[in-house]
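I opened the notebook to go through one protein–DNA model. The entries follow the order in which I looked things up.

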2 protein chains.
Amino acid sequence: MGRRKLVRDLLREKQADLTASERKLAAVLQDGQLVPGLQSITKLAESAEVSTPTIVRLARKLGFDGFNDLQDAIRSDVADAMKQPLAKLDPGGPMPGGDHMLSRFVTAVSDNINRTLERLDTAAFDRVAGVLADPSRRLHLLGGRITRSNAAYFFNHLQIIRPGVTLLDSAPSVWPQALLDIDGGAVLIVFDIRRYEKGLEKLATLARGQGAEIVLFTDIWGSPIERHADHTFRAMVEVPSAWDSTLALNLLIEALIAEVQARRSDSSAQRIAALEDMIGESRIFRSGQGAAD
Amino acid sequence: MGRRKLVRDLLREKQADLTASERKLAAVLQDGQLVPGLQSITKLAESAEVSTPTIVRLARKLGFDGFNDLQDAIRSDVADAMKQPLAKLDPGGPMPGGDHMLSRFVTAVSDNINRTLERLDTAAFDRVAGVLADPSRRLHLLGGRITRSNAAYFFNHLQIIRPGVTLLDSAPSVWPQALLDIDGGAVLIVFDIRRYEKGLEKLATLARGQGAEIVLFTDIWGSPIERHADHTFRAMVEVPSAWDSTLALNLLIEALIAEVQARRSDSSAQRIAALEDMIGESRIFRSGQGAAD
DNA sequence: ATTTTTCTGTAATCTTTGTTTCAGCCCGAT
DNA sequence: ATCGGGCTGAAACAAAGATTACAGAAAAAT
């Protein structure tokens, strides 16, 4: 389908054919990057100090049906100009067959990531990173049925970077004990995407009641925990699948890990060195059970 | 003169207070950089699949007089945004756009995914999906220190989709027992990225010796297990961080889940229904332990 | 100076819009 | 099972919108 000409270009091309007041109008449109054309015809007429019929006539001269038609075109042009993807994942698809699962998946994921980031408040991100990097705050991570592995991933890294990190067991029966440790200085990091789990909300509420700070990772539909959360990260999760995708969520997690690591690089370097040592040591332990060498 | 808050920021701030359909609307606005909000209220309502009163209610919640007032604000915001073609990352952010952690991270991740897919053999992907979708094959998942949560994520889904899926414990001491179950028809799915772990290779070798098929997820440098693997997926993992990123790996996992699910949708539907039932039932179990409701 | 042509805005019209009211609905609590 | 509270959209309405027809004004041609 041959793409319609840009309104901007139309204005330039037809400029010669325009009458005085039409030109006045065109100038106003061009000055404002067409945006003034998104007002009502009345307001636009006032801005340009012309009458409304003049506007209709210009629209017709440009080849449109009427003002509404012109405005639709302008809106479409503006929308195109506004969207400049932060990072363009290749949606053309890496493989020729556009309908392969992978291809569709990547398109969806690329979309999810872009949209998630558009919605993200970098200031909030930094604030949370600050909290997570503070070794005086105890961190407790909690995930739902599916998101538990995301929590675990986060936990794996945080635990190496800093002290005082706990992964709450998936069995709700042990949560009450865990609550004992959650007090004023504590931070509860919860993952809750649909289908939202009652138990998570309950625990978050209780933790909140004890003065804990709540960091929530959820989807855009909004977990009920949002109400109690001090910080909320919302990720897009929809993909062409029966399941939701936690990739955008994982991106946030990894970025947070990187940021927290960066903020504590000096102190965590020692921890990591110590860990490497212990891993080395553990070869000795392991040698008894199969991995001989 | 104190500048009015940006509509975009208002949407983010108030998100927690919004109802379901208001959120749907907010999502449409955010996705389109607010531009959809420049249509008439009727058209906008159709785009977002909500009613016009919902739009008015959202406008009021954001602190505007009504839709027209909101639209004026949007038009003004859009006009501002059009003037600066390249201010993409949040101006509220503390640092100039390009060097925020998120920005650099996303660039790297986008790169990783693209390059991972370039290297990927779709035919191999389909072959593996076929194997994983075959209920007669027993599946055993195994991850390393970091990748264990990726294995767990994969496991969570596979287990729901089909029978005969096992997640091998992280403790090497119990692996010998697990090996008893791994025989000719079995499939071992191993995750091994740097730093490659000796134990994983050992287990893979042994499993292979017993006739198991090995599916390996690794990075492009190549785990030593590649030698023994029947299928290898190589993902790019480098990001501006002290840690590697498993996002590209996760993408493959999720795509595989989707594909396997699609191939077994008929039979897995029953499983999922049964699961939903059991989740419903479990409310009864749960009611006794603190989550009194 | 008169006529013709072209341009422009006023006023009347018909359409669409934005707002309000209200009843049904779903969901959670009792 | 029943009740209440909040959410949602259908319908009715007043307000504003866009369009048309027409007449006065300005410029060009004779």
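Which phosphate oxygen lies 2.9 Å from a backbone N or O atom of Phe67(A)? I found that the phosphate oxygen belongs to DNA strand D.

**Conventions**

I noted that this is a predicted model, in which local features need pLDDT of at least 70 and side-chain atom pairs count only at pLDDT 80 or more, while totals for chains, interfaces and linings use all residues. Residues are numbered from 1 along each chain as its sequence is written, chains are lettered from A and ligands numbered from 1 in the order in which they are written, and side-chain values use heavy atoms, with hydrogens and water left out.

**DNA strand D**

I listed the residues near this strand, where near means that a heavy atom of the residue lies within 4 Å of it. There are 18 residues around DNA strand D, and Ile41(A), Thr42(A), Arg60(A), Thr19(B) and Ser21(B) come nearest. Of the strand D atoms within 4 Å of the protein, 76% are sugar or phosphate atoms, and the rest belong to bases.

I then looked up polar contacts, which are pairs of N or O atoms within 3.5 Å; within protein, one atom must be able to donate a hydrogen and the other to accept it, and residues adjacent in sequence count only if both atoms are side-chain atoms. An N or O atom in the side chain of Thr54(B) is 3.1 Å from a phosphate oxygen of DNA strand D. The side chain of Arg57(B) has an N or O atom 3.3 Å from a base nitrogen of DNA strand D.

For the elements I used DSSP runs numbered from the N terminus: helices are H or I with at least four residues, strands are E with at least two. In chain A, α3 (41-48), α4 (52-61) and α5 (67-82) each supply at least two residues of the surface near DNA strand D, as do α2 (20-31) and α4 (52-61) in chain B. The largest share, 4 residues, comes from α4(A).

I sorted the residues by class: Ala, Val, Leu, Ile, Met, Phe, Trp, Tyr, Cys and Pro are nonpolar, Asp, Glu, Lys and Arg are charged, and the others, Gly among them, are polar. The surface near DNA strand D has 7 nonpolar, 9 polar and 2 charged residues.

**DNA strand C**

Here I found 18 residues around DNA strand C, with Thr19(A), Ser21(A), Ile41(B), Arg60(B) and Phe67(B) nearest. Sugar and phosphate make up 69% of the strand C atoms that come within 4 Å of the protein. A backbone N or O atom of Ser21(A) is 2.8 Å from a phosphate oxygen of DNA strand C. For the side chain of Ser51(A), I read 3.1 Å between an N or O atom and a phosphate oxygen of this strand. With 4 residues, α4(B) gives the most to the surface near DNA strand C. By class, that surface holds 6 nonpolar, 9 polar and 3 charged residues.

**Aromatic pairs**

I searched for ring pairs of Phe, Tyr and Trp (its six-membered ring), with centres within 6.5 Å; planes under 30 degrees apart are stacked, over 60 edge-to-face and the rest tilted. The whole structure has 8 aromatic pairs over all chains. Phe217(A) and Phe233(A) are stacked, because their ring centres are 4.9 Å apart and their planes are at 25 degrees. Phe217(A) is in strand β4 (residues 213-219) and Phe233(A) in strand β5 (residues 231-235) of chain A, so the pair ties together parts 16 residues apart in sequence.

I checked burial next (buried is under 20% relative accessible area, exposed over 50%, partly exposed in between; 1.4 Å probe, protein chains only). Phe217(A) is buried at 0%, and Phe233(A) is buried at 2%. In chain B, the rings of Phe191(B) and Phe217(B) have centres 4.8 Å apart and planes at 10 degrees, so I logged the pair as stacked. Both Phe191(B) and Phe217(B) are buried.

**His231(A)**

I placed His231(A) in strand β5 of chain A. His231(A) is buried, with a relative accessible area of 10%. Its C-alpha atom is 9.5 Å from that of Ile189(A), 42 residues apart along the chain.
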